[in-house]
Amino acid sequence: MAEERFKKIYTQGKLNITEILVDQETGVHYVFHLSGYAGGMTPLLDKDGKPYIQDVDKMDS
C-alpha cells in the first residue's frame, strides 16, 4: 500500500478540533479546523503571507 500523502503533525481539542497537516509530496503545511458538523482547511501562512513550505528532503518519514 502506498504511503499516505498527508501527515498529521499537531492536534488540539476534543469537540473543536484544530490540526496541522503536512503534504508529504509538496511540503506545504495546512491548518484543519472542525467544529460540530462544519470544518475547513487552508494553507498555513508564514510571516510574509506565503504558504509555509518545509523541505521535503528533510522531512521525517
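In strand β4, Gly40 serves as the bridge partner of His33. This pair belongs to a predicted model of a protein with four strands and zero helices. The points below proceed from the pairing of β3 and β4 to the protein as a whole.

**The hairpin of β3 and β4**

- Strand β3 covers residues 29–35, and strand β4 covers residues 38–43.
- The two strands, β3 and β4, pair in the antiparallel sense, and six bridges connect them.
- One of the residues of this hairpin, Gly36, takes a positive phi near 65°.
- Between the strands of the hairpin there are two residues.

**Overall architecture**

- Read from the N terminus, the order of elements in the protein is β-β-β-β.
- The C-alpha trace spans about 35 × 35 × 15 Å along its principal axes.

**Burial and contacts**

- The protein has 61 residues, of which 21% count as buried.
- Contacts between residues at least 6 apart in sequence include 23% that join residues at least 24 apart.

**Surface and charge**

- The accessible surface of the protein amounts to about 5,000 Å².
- Carbon and sulfur atoms account for 55% of that accessible surface.
- The protein carries 10 negative and 7 positive side chains.
- The centre of the positive set and the centre of the negative set lie 5 Å apart.

Notes: Residues numbered from 1 in each chain as written. Predicted model: local features only at pLDDT ≥ 70, side-chain atom pairs only at ≥ 80, totals over all residues. Heavy atoms only, no water. Pairing = 2+ DSSP bridges. Buried < 20%, exposed > 50% of the residue type's maximum accessible area, 1.4 Å probe, protein only. Contact = heavy atoms within 4.5 Å. Areas by Shrake-Rupley, 256 points an atom, 1.4 Å probe, with all protein chains shown as cover. Lys, Arg positive; Asp, Glu negative; His and termini not counted. Charge placed at Lys NZ, Arg CZ, Asp CG, Glu CD.
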